[in-house]
Amino acid sequence: MDRIRLAWSQLRQQIGQLAVAVTTIALGVALAASMLLANASLQEGFETSIDALAGRAELQVTSLAGGPIDEGLVEVVRGVSGVRTATALLVGSGFLGGARNEGTAVRVVGVDLLDDAAVRFYRTSPGGPAALDDALSFLNQPDSAVVTKSLAARLGLERGDELAIELPRGSSRLTVRGVLSDDGVGQASGGKLVVMDLYAAQDALGMPARVSQVDVLVDPGVTPERVGALLRAALPDHVSVVLLEDRREALVRSVAAFQMLLDLIGAFALLLAVLITGNRLATIYQERLWEMGVMRALGVSRARLVRELLLEAALLATVAVAIGLPIGIAFAQIIVVPVADTMTLNFKEAVTATWVAPRPLPLLFAAAGGVLTALAAALFPASQAVRKSVVSVLARGRRRDAVSDTRSQKWARVLVPILAFALLLLQPVLARGALDAVTLVVIAAAGALLLVPVLRLAGEPIGRLFGVPATIGVQDQSRTPSRAIGAAAVLMTGVAIAIWIASIGESFERYVVEAVMKIRRGDLVVESIYDLGAPGAGRPVVSDRVVDEIAATEGVEAVGAYVIAKANDPETGLLALDPIRLRRAEFGDWALEPGAMPGALELVARGDAVLIDTNLATQRGVEVGRPFRLSTPSGPVSLPVAGVLRTVPTVPSGDVILSREVYRRLWKDATITRAFVLVAPGHSIDQVRRSIQGRVGSRYRLQVTRLEDLSRWFASGVRDGFAFARVMAVITLVVVLFGTGDALAANVLERTREIGTLRALGLSAAQVRTMVLSQALAIGVAGSGLAVAVGMGAGLAFVWLLRPLLGWEMELYPTFGIAFAGGALGVLACVLGAVVPAMRAARFPPAAALRYD
Amino acid sequence: MSPVVQLESVTKEYGSGASGARAVADVSLSVAEGEFVSVMGPRGCGKSTLLNLIAGLEVPTSGRVLVCGEDLSRLSDKALSDLRLRYLGFIFQSFNLLPRLTVEQNVSWRLGLIGVSGRPARDRTAAVLERMGVPPSTWARYPSELSGGEQQRVAAARALATEPKLLLADEPTGNLDSASGRTMLDLLRSLNLQRRMSVVMATHDSFAGTYGHRTIRLKDGRIVREAGEMERSPAAEGQVLPFRRRGE
Ligand SMILES: Nc1ncnc2c1ncn2[C@@H]1O[C@H](COP(=O)(O)OP(=O)(O)O)[C@@H](O)[C@H]1O
Ligand SMILES: [Mg+2]
C-alpha cells in the first residue's frame with residue numbers, strides 16, 4: 001500500500017508531463033475496446049441475421065438454383081421420417097413509400113399461420129400478442145401485415161394503421177395487425193421486415209403456390225445428417241437440402257478476414273500507444289536518471305527500481321484505462337454503423353447495427369492491452385535507465401553523450417532493408433501464408449533501422465537550406481538522436497498505419513468498383529425497381545420477354561441481359577449472359593487471365609464452354625481445359641472451362657459464367673436480373689431512356705438508369721461501405737499529431753542545456769525557433785518518407801496475406817494519392833507539433849537553461 | 001572483531017594510460033566498529049571517490065574493499081543494494097533529496113524498504129527529523145522550498161533514519177554556516193557515541209577535520225598523514241576506542 005502511495009505521489013507530480021502519455025494510452029484503449037466491442041457485436045449480429053429466418057431449424061430445403069420451389073414439396077418433407085416440424089416461408093422484397101432513393105427496401109416474408117411451430121417462433125412483442133393469436137382473423141384478411149417494432153417506430157405505425165408498399169404485383173395497402181419484437185425473426189434484414197400470411201404473400205409477390213424455403217426441425221434422437229439424407233432421397237433433384245450448421249460456419253468463416261482487419265486496427269492502436277508512451281517515459285526517466293542514481297546509492301537495487309517504475313507505469317495505465325474504456329464504449333456506438341454497412345456490403349448479408357453492449361470480455365482485453373501497453377512502454381526505458389552507473393549519473397546530471405552504432409547495428413541497417421525489399425519483390429513467386437507475415441515484420445523492422453541514417457540524410461539539406469542555427473540543430477540531433485528517433489518512430493508508425501489502412505480501404509473500393517463494372521457496360525441499364533441493393537432480399541427478376549420489347553424500342557441498337565443465380569452442392573454463383581454480351585466489347589471488358597483457350601469467349605457464347613472467376617479457380621483448383629461439373633435441375637452437366645476471369649463473384653466461393661441460353665435450357669428459368677442497352681448512333685441516350693421507360697417501365701415495374709448513374713451510385717455505395725477505413729485513418733493521424741508533438745517537446749526539453757549554451761553564446765530567440773523547427777522538419781521528412789515506404793510495403797504484403805483469407809483475388813492499387821497525402825500530412829503534423837516546443841525553447845532564459853541540471 | 005571497513009591497497013583510476021588520472025592511489029585503511037574517521041584534504045584530492053568506493057558506488061581499479069567483512073566485488077547488485085540499505089547511511093555533498101517527495105517522504109521511503117511502514121515509520125521519521133532539528137512546519141514541503149541548511153539536515157535525517165552501522169558523510173557541513181555546522185558535527189558525534197555507529201566523514205574544513213578519533217589526510221589520492229588526536233577527540237574521553245599515536 002505504502003509503495004503504491006509513494007508511486008502515486010511520484011506520478012501526481014508529473015501528471016502534466018504524463019498527460020499526453022495517459023491520453024494516448026486512453027485513446028489506444030478506446031480504439032481497441034471499440035474495435036473489439038463492435039467486432040463482437042457485429043459477429044453476433046451477423047450470426048443472428050443468418051439465423052433469424054431459419055430460427056432453430058437444423059435443415060433447410062431450398063431450390064438448387066435459387067428462387068422458389070413448389071409448395072407441394074412441403075407435404076413431402078413432412079412425410080419423411082424423423083422430421084418433427086417443417087415450416088414453409090416465402091421470401092421476397094418490397095418497397096415502402098415513394099422512389100428509389102426516398103423509400104425503404106424491406107424484406108417481405110410469407111408465413112403459414114396455421115402452422116403452430118411457425119406461430120410460436122415468430123412471436124410478437126409484449127403487449128401485442130392478440131393479433132397473432134387470432135390467426136384466423138389474420139387469414140381472413142389478406143391485407144394483414146405484421147411489422148417489426150423498429151420499423152413501426154421508424155414509420156410511426158400503430159396497430160390498425162395502413163402501410164403503403166410496392167410489391168411485384170402492384171401497389172398495396174396493408175393493415176398493420178401486429179408488431180413483432182426485435183429479437184428472434186425481427187432481427188432478420190436489420191429489422192426491415194414485413195410479415196404476411198403465406199397465401200397473401202404468394203399472391204402479392206406474384207409467386208402462386210411457391211415457397212422459398214422449408215425449415216426443418218428433426219425428432220429427438222435422430223441426427224440432422226440422417227434426416228438430411230432421407231430428405232435428399234425423397235425430394236427431386238432440383239431441390240437442395242443443407243445442414244444449417246455447415247452454412248453458418250461457411251458464412252462465419254467468410255467474415256473472419258474482415259474481423260481480423262478490425263482486430264489488427266485495434267492492435268495497431270495499442271502499438272502506437274506503446275511507442276508514444278515509451279517515448280514519453282524515456283524522457284521522464286532521463287530526467288529522473290539522477291534521482292534514480294540517488295535511490296540506487298541509498299540502497300535500492302536495480303531490480304527493485306525497475307519494479308517501482310513498472311508499478312508507476314501500471315498506475316498510469318489504470319488511469320488511462322479508466323478514461324479509455326468509457327470512450328471506447330461510446331466510440332463503438334459510432335463506428336458500428338459504418339462497419340456494419342461495410343460488412344453488409346461485402347458479405348451480402350444484412351448485419352444489424354444497433355446499440356453495442358459493453359461486453360466484459362472485450363473490455364477486459366482492451367484494459368489488459370492498455371496495462372500491457374504501459375508496461376511494455378516502460379520496460380525498455382526503465383531497464384536502460386537503471387543500467388547506468390550510479391556515480392556517473394550522479395556526477396553528470398542530465399547531460400547526454402553521443403552514441404554510435406556497433407558493427408552489427410551498422411550491418412543490420414543495410415541488410416534488413418535489402419531483405420525487406422527482396423521479400424516484397426519475391427512475394428508473387430513465393431508461397432503465401434506465414435511468409436507474408438514474416439514480410440510484414442521485416443518491413444517494419446527495416447523502417448525502424450533506417451530511421452537513424454534517414455534522419456541524418458534528411459538533416460543535411462535542411463541544415464543547408466535554413467542557415468547556421470538549423471545546421472547546428474540537425475547536427476546535434478543526429479549525434480544524440482534518442483528523442484528525435486522517438487518522434488520519428490511515432491510519426492513513421494502512425495503515418496504508415498494511416499497509409500496502410502487508407503490504401504487497403506481504397507484498394508477494396510477500387511477493386512470492387514472496377515471489377516464489378518468492367519463486365520457491366522452499356523449506355524442504359526434496365527432492372528426491376530425492387531433491386532435496391534437490399535442485401536439478402538433475393539434478386540428480383542423480370543421475365544426475359546422484356547428483352548425483346550426493349551430491343552424493339554426506337555433508338556435501341558442492342559440489348560444484352562444477364563441473370564444471377566446460384567447452384568448448390570457445392571455453392572457456386574451463376575452469371576448467365578446473353579451471348580451478345582460476350583461478343584460486343586461495348587457490353588464489357590472480358591480480358592481473361594493468361595492461358596485461356598483460343599476463342600474462349602466465342603465458345604462460351606455458343607454454349608460449348610464456361611468461364612470461371614479467379615476465386616473459384618484458386619479455391620477449387622479448377623484449370624482451363626478441364627470439364628466443370630454443375631448440378632442443375634435437369635441433372636448434372638459438365639462443360640469445359642475456357643478461361644479464367646478476374647472479378648468480384650456474386651457469392652464468396654466464386655462464380656461460373658455461362659451463356660444464358662444454356663442456363664434457360666438447363667435450369668428451365670426464363671428470367672433476367674438486368675438488361676443492358678446500347679443506344680444507336682444519332683439517338684439521345686436520355687430520349688431512348690424515356691422511350692423504354694414509357695414502353696415497358698410501368699408494365700414490368702422497371703427502372704431505366706443511365707449506366708454512368710448506376711456506376712456512380714454503386715461506387716458511392718462501396719465508398720460508404722469503407723467509410724470506417726477513412727475514419728480510422730483520420731483518427732490515427734490525430735493521434736500521430738499528439739504523439740509527435742509530445743516527442744518533439746521531449747526532444748527540446750532534453751536539449752535545454754544546449755539551448756541555454758547557444759543562447760548564452762549569442763543565438764537569438766528567433767534563431768532558436770528556427771533551429772527547433774528545422775529539427776522537426778528533418779524528423780518529419782525522415783519519418784514520413786519512411787512511413788510512405790513502410791505503409792505501402794505493408795499494404796502490399798497484407799493484401800497477399802488477405803487474399804486466401806478473403807477469397808477475393810484483390811490487388812493493391814498503387815494509391816500514390818493517399819501515400820502523398822499521408823506523407824505530406826505527416827510532415828505537417830510534425831512541424832505543427834513543433835510550434836509550441838519551439839516557442840518554449842525560444843523563451844528559455846539562458847541562465848536558467850544553463851542551470852537546469 | 002573484524003573492522004567495519006577495510007580497504008586493501010585500493011586504487012581508482014579514471015580513464016586509462018597516460019591520460020588516466022588516479023583519484024585514489026594505493027590506499028589501505030581500516031575502520032573499526034564505533035570509530036569516527038575524518039578524511040581531510042583539499043578539493044579534488046579524492047575524498048568523494050574514497051567514500052564512493054566504500055559505498056560500492058565505484059569499483060576499484062585494483063585492491064579490495066570490504067564492508068562488514070564482505071568483499072564488495074563479490075556481491076550481486078541485489079546484495080550490494082541490501083548492504084547500502086541496511087548497514088550504510090550516506091550523506092551526499094549536494095543533498096540529493098528527491099525533488100518530487102515531501103521532506104517527510106524523503107526520509108520515510110527507505111524505511112518502507114526495510115519493512116518499517118505505517119505508524120512506526122511515521123514515528124521514527126518524526127523522531128529523526130526532530131532530532132536533526134528540522135522544524136515540523138517544513139515536513140510537508142518539498143525540498144526546493146527549503147533553505148540549504150534545512151536540506152542538509154533532511155539529507156542527514158534520511159541517512160540516519162534506518163539506524164545504519166556505518167555512516168558515510170561527504171562534506172556534511174559544506175553548506176552550513178559555522179554554528180549549524182557545529183551542531184551537525186555534535187550530532188554525528190553523539191550518535192557515534194550512543195549507538196556505536198561508525199562514521200567516515202570527508203571534509204576540506206580543518207575544524208571539522210579534527211572531529212573524530214582519527215584524521216586521515218589525503219593528497220592527490222594518497223594518504224599523507226594519519227593522526228589520532230586524543231586531546232581533540234571527545235570519543236576518546238569515553239574510552240570507547242584505543243587511539244593511535246602520531247606516526248604509528
Ligand atoms: N567520473 C570521473 N571521471 C574522471 N575523473 C574523475 C571522476 N570523478 C572524480 N574524478 C577526478 O578524481 C579526482 C578526485 O575527485 P573527488 O573524489 O571528487 O575529490 P574531492 O571529493 O576530494 O573533491 C579529481 O581530480 C577529479 O577530477
Ligand atoms: Mg568531493
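**A ligand site and a two-chain interface**

Me: How far is a backbone N or O atom of B:K47 from an oxygen atom of ligand 1?
Reply: Keep in mind that this model is predicted. A pair of N or O atoms counts as a polar contact if the two lie within 3.5 Å. For B:K47 and ligand 1, the protein partner is a backbone N or O atom, and its distance from the ligand's oxygen atom is 2.9 Å.

Me: And which residue places a side-chain N or O atom 2.7 Å from an oxygen atom of ligand 1?
Reply: B:G46 uses a backbone N or O atom, 3.1 Å from an oxygen atom of the ligand. The residue you want uses its side chain instead, with an N or O atom at 2.7 Å, and that residue is B:S48.

Me: What share of the area exposed by ligand 1 alone does the protein bury?
Reply: Start with the ligand taken alone, which exposes 560 Å². The part of this that the protein buries is 59%.

Me: Which helix supplies the largest share of the shell around ligand 1?
Reply: The residues around the ligand include B:Y14, B:R43, B:K47, B:S48 and B:T49. By class, this shell has 4 nonpolar, 4 polar and 2 charged residues. The largest share, 3 residues, comes from residues 47–54 of chain B, which form helix α1.

Me: Let's move to the interface. How much area is buried between chain A and chain B?
Reply: Contact here involves 24 residues of chain A and 25 residues of chain B. Carbon and sulfur atoms give 61% of the buried area. The total is about 2,200 Å².

Me: How many residue pairs are in polar contact across this interface?
Reply: Salt bridges across the interface number 0 by the rule. Polar contacts do turn up, with both residues at pLDDT 80 or more, and the count of pairs is 3.

Me: Which element of chain A gives the most to the side that touches chain B?
Reply: Four helices, α1, α10, α11 and α13 of chain A, each supply at least two residues of that side. The one that gives the most, with 7 residues, is α10(A).

Me: How many residues of that side of chain A are charged?
Reply: Sorting that side by class gives 11 nonpolar and 6 polar residues. The charged ones number 7.

Me: How many residues apart in sequence are the parts tied together by A:E162 and A:R173?
Reply: The whole structure holds 26 salt bridges over all chains. In one of them, the side chains of A:E162 and A:R173 meet at 3.0 Å, N to O. A:E162 lies in strand β6 and A:R173 in strand β7 of chain A, so the parts that the pair ties together are apart in sequence by 11 residues.

How values were computed: Residues numbered from 1 in each chain as written. Chains lettered and ligands numbered in written order. Predicted model: local features only at pLDDT ≥ 70, side-chain atom pairs only at ≥ 80, totals over all residues. Heavy atoms only, no water. Contact = heavy atoms within 4.5 Å. Buried area = accessible area lost by both parts, 1.4 Å probe. Salt bridge = Lys/Arg side-chain N within 4 Å of Asp/Glu carboxyl O. Polar contact = N/O pair within 3.5 Å; in protein donor to acceptor, adjacent residues only side chain to side chain. Nonpolar A, V, L, I, M, F, W, Y, C, P; charged D, E, K, R; others polar. Near = heavy atom within 4 Å. Areas by Shrake-Rupley, 256 points an atom, 1.4 Å probe, with all protein chains shown as cover.
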